[in-house]
Amino acid sequence: MKPTEQSADASPVTASRHEPRIIARADHGISRRNISNGALRVLYRLHEAGYKAFLVGGAVRDLLLGGHPKDFDVATDATPEQTRALFRNCRLIGRRFRLAHVVFGREIVEVATFRGIGEEGNADRHIVDGRILRDNVYGSIEEDAMRRDFTVNALYYDIADFSVRDYVGGIADLQQRTLRLIGDPVQRYREDPVRMLRAARLAAKLDFEIAPEAAAPFAELAPLLADVAPARLFDESLKLFLSGHGLESLRRLHNHGLLGEIFPATATALAGPRSAAFGRLLGYTFTNTDERVRADKPVTPAFLFAALLWEPVRGLAERLIAEGNEADVAWPTAVDRIMHQQATRVAIPRRFGLGMEEIWALQPRFEQRQKKRVVRLLAHPRFRAAFDFLVLRAHDEPELAELVEWWSEVQQLDSHALGHHLAPPAESVEGEPAAKRKRPRRRRKPTAAKGSGNATAQP
Ligand code: ATP
Ligand code: MG
């Protein structure tokens with residue numbers, strides 16, 4: 001890429017004006033073939049109507065890196081209302097940040113009006129303790145660039161001449177694979193603490209390094225994440241963990257001391273006595289999830305979150321048992337406490353929370369192999385997820401291997417064959433694992449989850 005020295009446009013020069021570096025069409029690798037039809041239609045329509053129209057943000061960054069972006073954001077000097085007037089399939093959304101969404105079948109193109117650097121106290125911008133709560137002040141493209149988070153996220157692809165505009169040194173940082181905040185990192189994190197998580201996430205996704213001055217304030221400012229709405233942190237968690245680079249995101253969060261702000265019990269357990277085994281469990285789980293995401297297979301957040309909080313729940317239950325509680329009291333108590341603590345940080349929607357509790361509660365039920373119980377467990381709507389979780393646990397708990405094998409076989413059988421395969425139901429000792437009697441050769445230590453199934457989320 002080679003810059004050409006030329007001015008961006010002929011509009012009057014303002015005091016804070018930055019001359020962009022302009023990379024001409026011939027000098028960058030962006031091809032319109034890699035831009036979605038929807039985004040192209042939006043860009044052309046705005047352009048033909050006399051507005052400025054740029055592709056911006058992650059899409060430009062990813063295109064320059066040779067990737068194939070899934071979503072495309074457009075920036076323009078048209079107001080949301082002016083944008084809406086151009087498209088039949090357009091709706092205006094958002095209160096904090098008003099945006100236009102143009103819909104093409106399954107594709108949504110987000111169109112944002114350039115954000116300005118307006119007066120504080122303006123009714124359209126609401127800042128409390130340095131935090132931006134609402135921002136609908138419109139401005140110039142230069143101002144819009146300055147308000148973005150990282151330099152590599154502030155590159156603009158101009159549909160008028162297919163050049164790329166760089167107001168903040170994003171091209172150089174892209175070449176050096178560096179995430180650098182625009183402006184003063186401390187101030188930018190105070191405005192929006194989620195930018196710390198975005199740094200970890202984008203570094204993981206792009207395999208970039210976070211610039212030292214952008215990572216340095218984490219230690220002091222990470223606690224600001226406690227004030228971010230838990231619902232927003234849930235959305236951000238999904239992006240962190242379910243976008244195909246979850247393991248790397250988790251690593252970066254952990255190494256930068258950010259994990260404890262969003263998954264405090266997980267971070268504590270990763271520093272605890274079973275940290276190595278727990279780290280491996282998370283490694284298997286996240287690797288598996290990343291592979292599924294990349295292969296476009298379905299994944300459930302419940303499964304991933306169940307893994308993230310497994311050791312905290314298990315550890316707390318064990319402690320409660322050591323303090324003299326019965327297992328069937330200790331386990332649901334542990335589940336409750338950890339889930340409550342977690343809910344104050346990340347708002348995991350109820351349906352996923354229930355899913356997590358079921359996955360945990362089903363673990364000890366794999367040890368019960370009386371016919372009636374087996375049939376019931378196989379028919380449980382969470383059987384698949386719970387079994388997959390057992391498989392992951394077995395990586396690090398060799399005593400579970402035999403159970404995994406047994407249940408894999410049993411799943412293959414039709415109901416007739418299953419009847420033959422299984423021993424008659426236990427007549428006497430309700431609740432005692434049948435396996436104990438039928439398979440004396442199994443020498444098992446009591447497993448972590450033992451006892452939890454009777455107490456939580458029985459169907
Ligand atoms: P991804 O590949 O995950 O989509 P992205 O950079 O496109 O990464 P988005 O959340 O889609 O992330 O945001 C689009 C753009 O909006 C960003 O590239 C950035 O310019 C701007 N942006 C997003 N969130 C923030 C923020 N918290 N502060 C400042 N700018 C932001
Ligand atoms: Mg994006």
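**Aromatic pairs: a count of 19, with Phe383 and Trp407 picked out here.** The model on show is a predicted one. A pair of aromatic rings is described by how far apart the centres sit and by the angle of the planes. For Phe383 and Trp407, the ring centres are 5.9 Å apart and the planes meet at 45 degrees, so this pair goes down as tilted. Planes under 30 degrees apart would have counted as stacked, and over 60 as edge-to-face. Phe383 belongs to helix 20 (residues 383–394) while Trp407 sits in helix 21 (residues 401–412), so the pair ties together parts that are 24 residues apart in sequence. Are these two residues buried or exposed? Both Phe383 and Trp407 turn out to be buried.

**A cluster made of phenylalanines.** Here we turn to another group of rings. Phe234, Phe241, Phe263, Phe286, Phe305 and Phe352 come together as one aromatic cluster.

**Strand 3, with strand 4 and strand 10 as its pairing partners.** Strand 3 covers residues 53–56. In a regular strand, side chains alternate between the two faces of the sheet. In strand 3, Ala53 and Leu55 point one way, Phe54 and Val56 point the other way, and all of them are buried. Strand 4 (residues 73–76) pairs with strand 3 in the antiparallel sense, over four bridges. Look for Val56 here: its bridge partner in strand 4 is Asp73. Strand 10 (residues 155–158) also runs antiparallel to strand 3, and this pairing has three bridges. Phe54 is the residue to find this time, with Asp158 as its bridge partner in strand 10.

**Strand 10 and the hairpin it forms with strand 11.** Strand 10 is covered on both faces. Leu155 and Tyr157 are on one side, Tyr156 and Asp158 are on the other, and all are buried. Strand 11 (residues 164–166) pairs with strand 10 in the antiparallel sense, again with three bridges. Across that pairing, Tyr157 stands opposite Val164 of strand 11. How many residues lie between the two strands of the hairpin? There are five, and Phe162 in the turn has a positive phi of about 65 degrees.

**Ligand 1 and the 18 residues around it.** Coming nearest to ligand 1 are Arg61, Asp192, Arg195, Arg201 and Lys205. Start with Arg61, where a side-chain N or O atom is 2.8 Å from an oxygen atom of the ligand. For Arg195 the ligand atom is a nitrogen, 2.8 Å from an N or O atom in the arginine side chain. Lys239 joins in too: an N or O atom of its side chain is 3.4 Å from a ligand oxygen. On its own, ligand 1 has 580 Å² of accessible area, and the protein covers 80% of that. Helix 2 (58–64), helix 7 (194–206) and helix 10 (230–241) are the elements that give two or more residues to the shell. Which of the elements gives the largest share of the shell? That is helix 7, with five residues. Sorted by class, the shell holds 14 charged residues, three polar ones and one nonpolar.

Conventions: Residues numbered from 1 in each chain as written. Chains lettered and ligands numbered in written order. Predicted model: local features only at pLDDT ≥ 70, side-chain atom pairs only at ≥ 80, totals over all residues. Heavy atoms only, no water. Near = heavy atom within 4 Å. Polar contact = N/O pair within 3.5 Å; in protein donor to acceptor, adjacent residues only side chain to side chain. Areas by Shrake-Rupley, 256 points an atom, 1.4 Å probe, with all protein chains shown as cover. Nonpolar A, V, L, I, M, F, W, Y, C, P; charged D, E, K, R; others polar. Buried < 20%, exposed > 50% of the residue type's maximum accessible area, 1.4 Å probe, protein only. Pairing = 2+ DSSP bridges. Phe/Tyr/Trp six-rings, centres within 6.5 Å; stacked < 30°, edge-to-face > 60°.
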